[in-house]
Amino acid sequence: MKAVRLALRLLSREWRSGELGVLLLALTVAVAALTGVGFLVGRISAAVALEASSVLAADIRLGSTRPIAEAYFAEAERRGLKSARTSSTLSVVFNGDASQLTNLVAVTAGYPLRGRLLTAVEPFAPGTPVQGIPGPGEVWPASKLLAAVGGKVGTELSIGAATLRVTRVLISRPDQGGTFAELAPSLIMNAADLPATQLVQPGSRVSYAGLFAGERPAIEDFKAWLTDHKQPGERLRDITDASPQVRNAVERAGRFLSLASLVSVLLCAIAVAMAARRYVHRHLDTVALLKTLGATRGFTLAVAVLQLLALALIAALVGAALGFLAQEWLLRTIRGLLAVTELPPPSAMPFAVGLVTAIAVLAGFALPPLIQLQRVPALRVLRRDVGPPPPIVLLAFGPAVLVVLLLIWWVVRDRHLFLYLGAGLAAFLAILAFAGSALVLLAGRLRGRVGVAWRYGVANLSRRRAESVVQLVAFGTGIMVLLLLGIIRDDLNSDWRRTLPPNLPNYFFINIPPAERDDFIHFVEALGARTTRVLPMIRGRLTAINGRPIEEGRRGGRGEEEGFATREQNLTWTTELGPDNRIVAGHWWTEADAGKPLVSLATEFQESLGLRLGDHLTFDIGGETIETTVASIRKVKWDTFRPNFFIEFAPGVLEHVAGTYMTSAYFTPGTARTLAELAHRFPSVSIFDIDELLNQVRAVLDKAALAVQSVFVFTLLAGLTVLLAAVQSSRDERRYESAMLRTLGARRSTVVQGVLAEFLTLGTLSGLIAAAGASLAAYYLTTRWLELRYTFELVPCIVGIAGGALLVASGGWLATRSVVNQPPLRTLRA
Amino acid sequence: MSSNPTPSTHAQANFDSVLKAENLSKQVSSPEGALTIVDDVSLSIARGESVAVAGPSGAGKSTLLALLAGLDTPTSGRVLLEGTDLTRLDEDGRARLRAERVGFVFQSFHLIPALTALENVMLPLELAGRADARRAAAETLARVGLKDRTGHYPRQLSGGEQQRVAIARAFVTAPAVLFADEPTGNLDTATGARVGELLFELNASAHTTLVLVTHDRELAARCARTLRMEAGRIA
């Protein structure tokens, strides 16, 4: 009780006298950064997950060729989950005499559970979101379908035995898929109308799906339940099976945001360590006096720990509130810029995480110096030069290391990455400390060649060598992580931009008859668009590998492998290697190879079947058996949305086989009418609209980029707090030195120049270390972890060095200004 | 080592001698080798006696005071405070003994800047677990003439006033021994004289044993006995 009373009394008095301002500020800003990142990451991750879920139109999708059992829906309802059903079948839709093969999708109320339906009042027009599903007797056909059969809103379409009226035009549905599986245009209808069509008969090919959505934990539980209870032939898909582009974006964003929040936590720790150092320094006399007056070590430690605990509580509450407000403000500001759906509400978790982390960081970084503080002998009341005995290294740094490792583990949760980052950090700090010592030593040697102010400033660095190295490590780390974030962010952004350039092809055209090929290209060009490249598309099946029939050789293989081996493939032949293809093994064919039965394989196909150069593949193409040899392996960039094939033949082999052509093209927005014309002019050509899919991917990437940038701002703030804490830690010494110098006759301007020289040197050296460190770390993280390309850039290095010098000099000057300005007499008398 | 005074740590029960040093030495290591600061000092101070320790700078006065008060440990020899051998107590044991039996006045006052005058005086009472800390502290502050300054912080008080707060803090626990290290060293002559006056006045009324380290001849002259130190020894 005694300790609590004294701790609170001292705390409130010291707070009023401004003693604790910097410590509390450092902790508060750090917690604000941490919780702000936590809230933001949490909400944006949830939004990203929702966006990814929307590709399935649900969180979980259970598909089957048989109707989905009622028991699943009952279980979902019991667990408080939302559900809906879809049934899809291919059928021909008529408008009078005009007909079109259509993918009929009958849906129940609630569809889609995730994502949204976009509809319009005319084909190919921009879509607007719509609530609900078509009412009974109504249908929403896709643009291509309506254009092909010459209908419009109000037209009555014959579907099987039923006649249903068009009330809207379907522009996109979330689960339309990113593959060519669904080439036929869609039509959405109410499930209640399906029996009337009489299309579902025994033996009909109908795909049924149960859609489920809800809170994440409940969904995870339900997924586990479904995995146990589902029948053979029922296929479960969730966000992890969603389209690969979206999944990659979520993974990349998650990894990067983890890294960024880890950086904020570490900066927080540095700031706390510095503030604690100052706290200890300022409380040596008090502790010595308390001991003289009869306080035991345990009592003085209790007083200090209680004070810090109270500070942690205040900082956690204020910081978390600030963090919440900051992210709320940020999200509100940016909501207008992005076509984002409503962000999910924040969870209370970051508050708890903020508090626990604040206490953990204090325990790791503030407790050891506090324990050291308690070792100051009472004798100090008589002899000011007596300090605590030298710290026990393990006690001084052990808790900090432990907390850092725990924090890294908490953020990363990956054994390999944890080991790499942990070892990397240790090596980094050691190298930084070594480099810092060397640079301080070098600066000290060079100081004889500069003017008096510079000599004074640099002398300060050399004289407080240990402190200078600590500050160099701190500033170096701070600037380095900011720089690292900047470099990686640029890499990420530019890689994403490279992945999705703005004029990416947005329409695929398939089934172009050879006779209409040239007409089609001319027509597209006349509409102001350019086709990417036009490739033949021939159906065929791989029947044997090196003479072994595929059924025998591949039985019992993995699902994907089995699929590759047994399913019908799209084949092409071409003379030129696509610009988005890179040969990784073998050679692309030359003119001399024309007519030779050679194939080139995409790495995905080659790896999944374990094929090698020179292997013999046998294909069944339209009943004809063709023996081929693998001549090359290609790495294909699929996300360019250009026509590409797993299997490409050399020219002169497949020309005689009947096939069609495919291509892709970019159409500017507002070309609805021209596309309708195209659909009408070439009715057999399938138009595949990937604009909406791309928009989905872009929306996900936008959110990821937004989160990255916001985290960057928080980290910057945390870095500035470190700077302030560092400068504050040497404030008392500076006040005294400044007073002494001025008493000895130095002009104020000389003292100012000295301070500036010291901080400029410190900042430049920190920047130098940071630039080198950040470049190395960026290389590693970009190439190994984020799996992107890395290009060394000089500009961030220069920015790091100049920025470091400027930041530390201006921060240092602002923080020491009052020290320099204080009349010397007041300082010396105090 | 025991953290509490026990019968085994008591010397022969000579309670007239409240403070006793036996062959007390203190050596420290320096670049030139071991340096003897206090050299085989033996002394005995009776209850209620006032003793001045005088001598030139560097003679070892403050170190002797630190050893006698249990703020530092001797290299050899022992210190008996009311019969308790300080050298057989650990740091916390010595702290507890100080809380109960020892008071201090320092040259640079050593008030806690974050606490008011009243709170500074309350501090040793609170550390000793006294329930009437506030009342006793207020009374003692009134006795040193600072009744109206109880709510002031050290920085709001003059040097003389700060030292009076420190004297109040030293006497508030009614210590058996009061150690004063150059109590007037940071004050001007007039203020120093007034503070000295107060110190002896309180000492007389409380029957406290006073051990005073000082350069001030007048102050030393007011003590019943003066020990002169030279090169670590009592001359």
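Two strands count as paired when DSSP finds at least two bridges between them. With that in hand, a small sheet in chain A is a handy place to start, keeping in mind that the whole model is predicted. Here three strands line up in the order S5-S4-S9 of chain A, forming an open sheet with antiparallel pairing. The edges are taken by strand S5 (128-130) and strand S9 (169-172) of chain A; each has a single partner strand, so one side of each is left without a neighbour in the sheet. On average, neighbouring strands of this sheet are turned by 55° against each other, direction ignored. Between strand S4 (residues 117-120) of chain A and S9(A), which run antiparallel, there are three bridges. Across from A:Thr119 sits A:Leu170 in S9(A).

Zooming out to the chain as a whole, chain A holds 24 helices and 23 strands. Of its 830 residues, 45% are buried. Contacts in chain A with a separation of 6 or more come, in 85% of cases, from residues 24 or more positions apart. One example of a residue on the outside is A:Asp97, found in the loop that links strand S2 (82-95) to strand S3 (98-107) of chain A. A:Asp97 has 7 C-beta neighbours inside 10 Å and so counts as exposed, the cut-off for that being 12 or fewer. Although A:Val149 is 52 residues away from A:Asp97 along the chain, the C-alpha atoms of the two are separated by 8.4 Å.

Chain A also offers a pair of packed helices to look at. Such pairs are described by the angle between their axes and the distance between the axes. For helix H21 (residues 731-743) and helix H23 (residues 794-821) of chain A, the axes come within 8 Å and cross at roughly 35°. The crossing of H21(A) and H23(A) is right-handed. On the H21(A) side, the contact is made by A:Arg731, A:Arg734, A:Arg735 and A:Ser738, and on the H23(A) side by A:Thr816, A:Val819 and A:Val820. Sorted by class, this contact of H21(A) with H23(A) comes to two nonpolar, two polar and three charged residues.

What about the inside? In soluble globular proteins, nonpolar side chains tend to be buried together. The largest nonpolar core in this model has 189 residues, and those with the most contacts inside it are A:Ala30, A:Val272 and B:Val53. Helix H7 (residues 244-292) of chain A supplies the largest share of this core, with 20 residues. A second core, separate from that one, has 63 residues, including A:Val169, A:Ala209, A:Phe520 and A:Val685.

B:Val53 leads the way into chain B. Leaving aside residues up to four places away in sequence, B:Val53 touches B:Lys61, B:Leu64, B:Leu65, B:Val211, B:Leu212, B:Val213, B:Leu227 and B:Met229. Three of these partners, B:Lys61, B:Leu64 and B:Leu65, are listed among the buried residues of helix H1 of chain B, along with B:Ser62, B:Thr63, B:Ala66, B:Leu67 and B:Leu68. In fact, eight of the eight residues of H1(B) are buried, so this helix is largely enclosed by the rest of the structure. Following H1(B) comes B:Gly70, with a positive phi near 75°.

Strand S8 (residues 209-213) of chain B is mostly covered too, with five of its five residues buried. In a regular strand the side chains alternate between the two faces of the sheet. Both faces of S8(B) are covered, with B:Thr209, B:Val211 and B:Val213 buried on one side and B:Leu210 and B:Leu212 buried on the other. S8(B) runs parallel to strand S3 (residues 50-54) of chain B, and four bridges join the two; B:Ala52 stands opposite B:Leu212. Strand S7 (residues 177-181) of chain B likewise pairs with S8(B) in the parallel sense, over five bridges, and B:Asp181 has B:Val213 as its bridge partner.

Finally, the two chains meet: 24 residues of chain B are in contact with 21 residues of chain A. On the chain B side, the elements giving two or more residues are helix H1 (61-68), helix H2 (91-101) and helix H3 (117-127). H2(B) gives the most, with six residues. By class, this side of chain B has 13 nonpolar, three polar and eight charged residues.

How values were computed. Residues are numbered from 1 along each chain as its sequence is written. Chains are lettered from A and ligands numbered from 1 in the order in which they are written. This is a predicted model: local features need pLDDT of at least 70, side-chain atom pairs count only at pLDDT 80 or more; totals for chains, interfaces and linings use all residues. Two residues are in contact if their C-beta atoms, placed from the backbone, lie within 7 Å. Ala, Val, Leu, Ile, Met, Phe, Trp, Tyr, Cys and Pro count as nonpolar, Asp, Glu, Lys and Arg as charged, and the others, Gly among them, as polar. A residue is buried if 20 or more other C-beta atoms lie within 10 Å of its own, exposed if 12 or fewer, and partly exposed in between; C-beta atoms are placed from the backbone. Axes are lines fitted to C-alpha atoms, for helices over the stretch in contact, and angles run from 0 to 180 degrees between N-to-C directions. A crossing is left-handed if the near helix is turned anticlockwise from the far one by less than a right angle, and right-handed if clockwise. A nonpolar core is a set of buried Ala, Val, Leu, Ile, Met, Phe, Trp, Tyr and Cys residues joined through C-beta atoms within 7 Å.
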